[in-house]
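Visitor: I have a model on my bench screen and would like to know what stands behind the words people use for it. Could you walk me through it?

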Amino acid sequence: MKVSKVIVTLLNGLPETLSLLIASFFFASLIGLGMAWLYLRKNPILSALAKFYLGIVRGTPPLLMLLLSYFGLPKLFTLVGININDWAKIFFGIVGLSIGWGAYLEEAFRSAYLSVDKGQYEAALSVGMDAKHAFFQILMPQTFLIALPNIENLLIGLVKATSLVYVMGMVDMYSEATDLSNQNQGIYQLEIFIILALLYWLIVLLIEWVFRMFHRYYRYVEI
Amino acid sequence: MLLEIKSLKKKFANNTVLKGINLSIKAGEVVVIIGPSGSGKTTLLRNINFLEQADSGTMVFKDKQLNLANLSNEEILWVRRHTAMVFQNYNLFKNKTAIENISEGLIFGQNRSKKDALQLAKKALDSVGLLDKQDFYPAQLSGGQQQRIGIVRATVLNPDIVLFDEPTSALDPELVGTVLYDMKQLADQGQTMIVVTHQMSFARNVASRVVFFADGEIIETGTPSEVFDHPKNKRTKQFLSAIAEDY
């Protein structure tokens, strides 16, 4: 079998893999930000809510999170009279991965926020900024820069986790590879999986390059 | 009086840090607060712009009466927008360039347009000979340059009072001179300043009034000559006799 045929077949799953990756990362970041915000509240109930989410999610394997999303969400929605059984599988994949990665991103954002020098906030107040401007102009950008290496790691982890959606029957790159291997009765299986590994590696290289550009742009910002 | 503080008290847990401070400052005065470390000098300064909030006491600032134990957010913001602070560790915004550090307060504290703010910031940087550093981030600047930009960041706001919290304590000895020079220039221009420092020669040469502070109380206050040459209080004498520096 020609290498080009393998590549073309595997790339058929690329749009699904990338859509899943981008959407999951986006929603996981929103969940992470929201949970970090709740966690840092002085209100013990809100803070406990975030801790509960964190505890549950971090203790659940990502594969299980996807299965719970795929089988659990339709049941949950049925309770309120909404039928989502025929919704696209990618929806359940995005929900499962977003909830799963949201917890890790929450930890990345929260720990970064807590490590911003308190003096930076005080300096912002001392020049007459209100709390909102001090947060958006000074604290948030610095939090982001501190969290950057962790965010990069989590995003790379998410790239690999997208392959787990094969359990829901989604046609991503991994699923294309197993199908192709099965169609050939396992002949060239190793070659197919090596090419698949290289494709995932290329995605990771691209992510590393984007983050390297970030680091280069902010190379003089030492926080 | 520009600022009048009465009976200001502040406790941290069971530790009373300020035991009822009374201090008045006229416009144009340079009040230098000296005293041993841990005596509450910095806490007093931070209580003036409410980075710490007093347990009790009153303050009259620009004829506005403030109850220190019960301040509204508007009052806090109003005071902060009429004062400015220079920090011991500079506290320049690490994610902003020198020029942005100076313009941020003008934009977000004084609602000036970005263009106006940058123009003012440029002029202010030029006045201290640091215009060539405008696009540098704090990490690219020496401690002395950072602190001088810290001073510009404070004074560009045209505040009624600038609070200096040990502005030279974190600097290498050879960089102290340039920062003190900038501060003297400001004093000569009539800027009202409250300076917490261990630089006794600065206190002697620039202060209009020296306040000796110990154990959360003002022990003695007077002109530099009164405090340094003819201290009345035993505690002041003890402190001054232990200082190795010529002043």
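Guide: Gladly; here are some questions about this model, with the terms explained as we go. It is a predicted model, in which local features need pLDDT of at least 70 and side-chain atom pairs count only at pLDDT 80 or more, while totals for chains, interfaces and linings use all residues. Residues are numbered from 1 along each chain as its sequence is written, and chains are lettered from A and ligands numbered from 1 in the order in which they are written.

Visitor: How do you know what confidence the predictor has in chain B?

Guide: From pLDDT, the predictor's confidence in each residue, from 0 to 100. The mean for chain B is 95, and 98% of its residues reach 70 or more. For the complex, the predictor gives an ipTM of 0.94 and a pTM of 0.89.

Visitor: What makes residues of chain A and chain B count as in contact?

Guide: Their C-beta atoms, placed from the backbone, must lie within 7 Å. By that rule, 20 residues of chain A are in contact with 23 residues of chain B. On the chain A side, α6 (118-126) and α7 (131-161) are the elements that give two or more residues. Helices here are DSSP runs of H or I with at least four residues, strands are runs of E with at least two, and both are numbered from the N terminus.

Visitor: Why are β6 and β10 of chain B said to stand at the edges?

Guide: The open sheet has 6 strands in the order β6-β7-β8-β3-β9-β10, with mixed pairing. β6 (83-86) and β10 (217-222) of chain B each have a single partner strand, so one side of each is left without a neighbour in the sheet.

Visitor: What makes β3 and β8 of chain B a pair?

Guide: Two strands pair if DSSP finds at least two bridges between them. β3(B) and β8(B) are joined by 4 bridges and run parallel, so they meet the definition. One of the matches puts B:V31 with B:I194 as its bridge partner. β7 (residues 161-165) of chain B also pairs with β8(B) in the parallel sense, over 4 bridges, and there B:V162 has B:M193 as its partner.

Visitor: Why is β8 of chain B called covered on both faces?

Guide: A residue is buried if 20 or more other C-beta atoms lie within 10 Å of its own, exposed if 12 or fewer, and partly exposed in between, with C-beta atoms placed from the backbone. B:M193 and B:V195 on one side, and B:I194 and B:V196 on the other, are all buried, so both faces of β8 earn the word by this definition.

Methods
Contact = placed C-beta atoms within 7 Å.
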